[in-house]
Amino acid sequence: MKKCAIITGGSRGIGKAICLKLASETNYHLLINYQSNKEAAQQTLQEVEALGATAELLPFDVTDKEQTQEVLTLWQEAHKEYLVEVIVNNAGITRDGLFMWMSYEDWDKVLRTTLDGFYNVTHFFIQKMLRNRYGRIINIASVSGVKGTSGQANYSAAKGALVATTKALAQEVAKRNVTVNAVAPGFIQTDMTASLNEEELTKMIPLGRFGKAEEVADLVAFLASSRAGYITGEVININGGIYS
Ligand code: NAI
């Protein structure tokens, strides 16, 4: 059996940092999911391989149930001896705005990316994981999902629901040695936060800076390892002291 880890939205930002961290710290064969930016995905693949890991790109839109099912089924059929032990549900988007002016599309798209993304990928692998009696599922939530953020009613709803389903699923699968945890980052320097006023926002962060994608990746790599075997159903804040 060749053991694998899948990272959704793995071509850039936090997802890419997770791929690089898993590549340097584990022996997992990495399945790097991306949606459309092939160039960035290939760059990530090259960097992962340069660290001595093996990996492949799996392009699909996590919100598209049929497409996700088709790509993952074809992959599994072509790789019968491969087993996914780690799932990192990282794909996520923001469509910020005050709720009273929020379009249904912006509400729906944000929820579907986080929640359908979680369902479509995790549901595909969960039975095999349970049969194998080992697994690590890590969901990338957000400080918005635990405290709620003004201007992000959609994103807070999506990430809050992701936290809740993390806790529910953790209880269902614990007996089979599968752990399910959420990581809730605060402000992390990536494309997602590039348009924010970092200087202004930093004033409210006790540690006085935005976080780095690599710092989130360190936590995810720990949760993905066998060392984290007694942690499940948790949401772990990583936010410079902004909220916990
Ligand atoms: P990013 O925008 O750089 O990365 C998000 C990734 O998800 C991109 O690669 C994107 O292509 C992918 N993605 C989006 N929709 C997808 C879909 N339908 N199918 C497949 N892939 C899709 O942003 P960042 O910051 O790296 O975000 C990663 C995760 O961390 C997200 O879930 C985000 O909500 C979460 N997060 C980020 C924070 C930050 O301050 N940057 C704070 C809290 C949470």
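**Exercise 1. The helix pair α1 and α2**

Which residues in α1 meet which residues in α2? Determine also how the two helices are oriented and what classes of residue form their contact.

*Solution.* The structure is a predicted model.

Step 1. Identify the residues. On the side of α1, the contact involves K16, C19, L20 and A23. Their partners in α2 are Q43, T44, E47 and V48.

Step 2. Read the geometry. Helix α2 spans residues 38-50, and its axis lies 9 Å from that of α1, at an angle of about 20°. Because angles under 35 degrees count as roughly parallel, α1 is roughly parallel to α2.

Step 3. State the handedness. α1 and α2 form a right-handed crossing.

Step 4. Classify the contact. Between α1 and α2, the contact has 4 nonpolar, 2 polar and 2 charged residues.

**Exercise 2. The helix pair α1 and α8**

Describe the packing of α1 with α8, beginning with the angle and the distance between the axes.

*Solution.*

Step 1. Read the geometry. Helix α8 covers residues 213-224 and packs with α1 at an angle of about 50°, the axes being 8 Å apart. Therefore α1 is oblique to α8.

Step 2. State the handedness. The crossing of this pair, α1 and α8, is right-handed.

Step 3. Identify the residues. From α1, the contact uses G13, I14, A17, I18, K21, L22 and E25. From α8, it uses A213, E214, V216, A217, D218, V220, A221 and A224.

Step 4. Classify the contact. The contact of α1 with α8 comprises 10 nonpolar residues, 1 polar residue and 4 charged residues.

**Exercise 3. The helix pair α4 and α6**

At what angle do α4 and α6 pack, and how far apart are their axes? Name the residues that make the contact.

*Solution.*

Step 1. Read the geometry. The angle between α4 and α6 is about 15°, and their axes are 8 Å apart. It follows that α4 is roughly parallel to α6.

Step 2. State the handedness. α4 and α6 cross in a right-handed manner.

Step 3. Identify the residues. α4 contributes D106, W107, V110, L111, T114, L115, F118, T122, I126 and L130. α6 contributes A153, N154, Y155, A157, A158, K159, A161, L162, T165, L169 and V173.

Step 4. Classify the contact. In the contact of α4 with α6, 15 residues are nonpolar, 4 are polar and 2 are charged.

**Exercise 4. The largest pocket**

What is the volume of the largest pocket? Describe the lining of this pocket by position, by element and by class.

*Solution.*

Step 1. Give the volume. The largest pocket has about 1200 Å³ of space.

Step 2. Locate the centre. The lining of the largest pocket consists of 47 residues, and those closest to the centre are G92, I93, T94, Y155 and M192.

Step 3. Assign the lining to elements. At least two lining residues of the largest pocket come from each of α1 (13-25), β2 (29-34), α4 (104-132), α5 (143-147) and α6 (153-173).

Step 4. Classify the lining. In the largest pocket, the lining holds 17 nonpolar, 22 polar and 8 charged residues.

**Exercise 5. The enclosed cavities**

How many cavities of 30 Å³ or more does the structure hold? Determine which helix gives the most to the lining of the largest cavity, and then examine the second largest cavity.

*Solution.*

Step 1. Count the cavities. There are 2 cavities of 30 Å³ or more.

Step 2. Describe the largest cavity. Its volume is about 50 Å³. The residues that line the largest cavity include T8, V62, N89, T113, F118 and L162. α4 and α6 each supply at least two residues of this lining, and α4 gives the most, with 4 residues. By class, the lining of the largest cavity has 5 nonpolar, 6 polar and 1 charged.

Step 3. Describe the second largest cavity. Its volume is about 30 Å³, and K65, Q69, Y119, N120, H123 and F124 line it. α3 (65-78) and α4 each provide at least two residues of this lining; the largest share, 4 residues, comes from α4. The lining of the second largest cavity divides into 2 nonpolar, 3 polar and 1 charged.

Notes
Residues are numbered from 1 along each chain as its sequence is written. This is a predicted model: local features need pLDDT of at least 70, side-chain atom pairs count only at pLDDT 80 or more; totals for chains, interfaces and linings use all residues. Side-chain values use heavy atoms; hydrogens and water are left out. On a 1 Å grid over the protein atoms alone, a cavity is a set of points where a 1.4 Å probe fits but cannot get out, and a pocket is an open set with protein on both sides within 12 Å along at least five of seven lines; lining residues have an atom within 4 Å of a point. Grid points are joined across faces, edges and corners, and a volume is the space filled by probe spheres set on the points. Ala, Val, Leu, Ile, Met, Phe, Trp, Tyr, Cys and Pro count as nonpolar, Asp, Glu, Lys and Arg as charged, and the others, Gly among them, as polar. Axes are lines fitted to C-alpha atoms, for helices over the stretch in contact, and angles run from 0 to 180 degrees between N-to-C directions. Angles under 35 degrees count as roughly parallel, over 145 as roughly antiparallel, 65 to 115 as roughly perpendicular and the rest as oblique. A crossing is left-handed if the near helix is turned anticlockwise from the far one by less than a right angle, and right-handed if clockwise. Contact means heavy atoms within 4.5 Å.
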